[in-house]
Amino acid sequence: MAAGNLKIQVLESADAVAAAASKVIVEAIKAKPRFVLGLATGSTPEKTYAKMAEANKAKQVSFAKVTTFNLDEYWGLDGDHDQSYRYFMNDRLFNHIDIRPWNTNVLNGMATSPLIECAAYEQKIFACGGVDLWLLGIGNNGHVAFNEPGSAVDSRTRLVSLTQSTINANSDGRFFSDPKDVPRCALSAGIGTIREARKIILLATGAGKADAVKAAVEGPFSPDCPASLLQDHLDCTFYLDKAAAAKLS
Ligand code: PGA
């Protein structure tokens with residue numbers, strides 16, 4: 001199925017989505033070992049990361065020459081904090097594969113200057129030759145990374161405020177248990193930063209994402225649904241389970 005330039009793959013289950021995403025990433029790294037891989041956090045990619053680690057353990061792929069860039073980090077959390085995205089990535093993926101730790105890039109939520117941290121991040125992506133493939137999730141409100149509704153199509157890496165809906169979604173017990181513990185701000189790659197990736201794969205699973213997916217795929221190209229700002233990307237595929245795809249016509 002295609003909507004505009006977007007390609008849509010509807011799969012039977014969340015496990016099938018993870019298997020498909022992992023396969024795309026593993027094959028791409030086999031074809032280009034010095035791969036620049038953009039990564040995301042959240043519940044959705046966890047199964048994909050487990051499959052990537054399995055493939056590495058089975059020696060089907062090596063991450064030894066891969067460089068990674070993560071989408072975002074909570075502002076004010078140290079990488080040692082167990083709710084930081086640096087901690088999440090180490091715990092779910094980096095500690096289980098042969099990637100060199102110094103080739104993994106996550107924005108520093110404790111940077112003295114967010115402006116300098118974000119500009120340096122953009123500069124480093126550029127110096128690495130740009131992102132070959134960025135793996136994304138989507139928020140219930142259509143956000144990608146922490147680009148909340150209203151984010152501009154040409155936004156760059158910057159300090160952003162989280163919406164109440166994102167704070168609530170991240171304090172439902174999966175991550176934080178109390179909304180008051182969720183940081184109010186984050187550093188996030190911009191929509192413009194993400195759109196420069198040569199290939200994008202966005203994963204969505206579960207009925208809770210069905211409205212956001214419908215708005216992203218069938219709604220207008222609009223900052224009201226930041227994921228819709230991927231509609232004109234030349235190589236962007238949404239991998240959806242049946243529940244997340246349920247409202248597509
Ligand atoms: P989730 O988050 O995978 O935990 O649902 C996705 C997102 O907010 O981008």
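Which side chain does the side chain of aspartate 132 join through a polar contact of 2.7 Å? In this predicted model, the partner at that distance is lysine 32, and a further polar contact, of 2.9 Å, runs from the side chain of aspartate 132 to the side chain of arginine 198. Aspartate 132 is placed in the loop between helix H4, residues 114-127, and strand E7, and with a relative accessibility of 8% it counts as buried. When its neighbours within four places in sequence are left aside, the residues in contact with aspartate 132 are Lys32, Arg34, Phe35, Val36, Arg198 and Lys199, so that both of its polar partners, Lys32 and Arg198, appear in that list as well.

A second buried polar residue is found in the loop between E5 and H3, where glutamine 83 sits. Its relative accessible area is 18%, which places glutamine 83 among the buried residues because the limit for that class is under 20%. A polar atom of the glutamine 83 side chain lies 3.2 Å from the backbone oxygen of phenylalanine 175. Residues up to four places away in sequence not being counted, glutamine 83 touches Phe175 together with Phe176, Tyr74 and Leu77.

From this loop the chain passes to helix H3, which spans residues 85-92. The N-terminal end of H3 is capped by serine 84, one of whose side-chain oxygens lies 3.1 Å from the backbone nitrogen of tyrosine 87. Within the helix, the buried residues are Tyr85, Arg86, Phe88 and Met89. Viewed down the axis of H3, these buried residues fall within an arc of 160 degrees, and therefore they line one face of the helix. The general background is that an α-helix has 3.6 residues a turn, so residues three or four places apart point the same way. The elements that cover the buried residues of H3 include helix H2 (46-57) and the strands E3 (36-39), E4 (67-70), E5 (72-74) and E6 (104-105).

Helix H7, residues 210-218, can be read in a similar manner, its buried residues being Ala210, Ala212, Val213, Ala216 and Val217. Seen along the axis of H7, they lie within an arc of 160 degrees, so they too line one face of their helix.

Two loop residues deserve a look for their backbone angles. Most residues other than glycine have a negative phi. Lysine 59, although not a glycine, has a positive phi of about 60 degrees, and alanine 145 likewise has a positive phi, near 50 degrees. Their surroundings can be set side by side: lysine 59 lies in the loop between H2 and E4 and is exposed, with a relative accessible area of 75%, whereas alanine 145 lies in the loop between strand E7 (133-136) and strand E8 (158-161) and is buried, with a relative accessible area of 10%.

The last stop is the largest pocket, whose volume is about 480 Å³. Its lining is made up of 26 residues, and those that lie nearest the centre of the pocket are Gly42, Ile138, His143, Asn170 and Lys209. By class, the lining divides into 14 polar, nine nonpolar and three charged residues. Helix H5, residues 164-169, gives the most to this lining, contributing three residues.

Definitions and conventions:
Residues are numbered from 1 along each chain as its sequence is written. This is a predicted model: local features need pLDDT of at least 70, side-chain atom pairs count only at pLDDT 80 or more; totals for chains, interfaces and linings use all residues. Side-chain values use heavy atoms; hydrogens and water are left out. On a 1 Å grid over the protein atoms alone, a cavity is a set of points where a 1.4 Å probe fits but cannot get out, and a pocket is an open set with protein on both sides within 12 Å along at least five of seven lines; lining residues have an atom within 4 Å of a point. Grid points are joined across faces, edges and corners, and a volume is the space filled by probe spheres set on the points. Helices (H or I, at least four residues) and strands (E, at least two) are DSSP runs, numbered from the N terminus. Ala, Val, Leu, Ile, Met, Phe, Trp, Tyr, Cys and Pro count as nonpolar, Asp, Glu, Lys and Arg as charged, and the others, Gly among them, as polar. Buried means under 20% relative accessible area, exposed over 50%, partly exposed in between (1.4 Å probe, protein chains only). The arc is that of the directions from the helix axis to the C-beta atoms. Contact means heavy atoms within 4.5 Å. A polar contact is a pair of N or O atoms within 3.5 Å; within protein, one must be able to donate a hydrogen and the other to accept it, and residues adjacent in sequence count only if both atoms are side-chain atoms.
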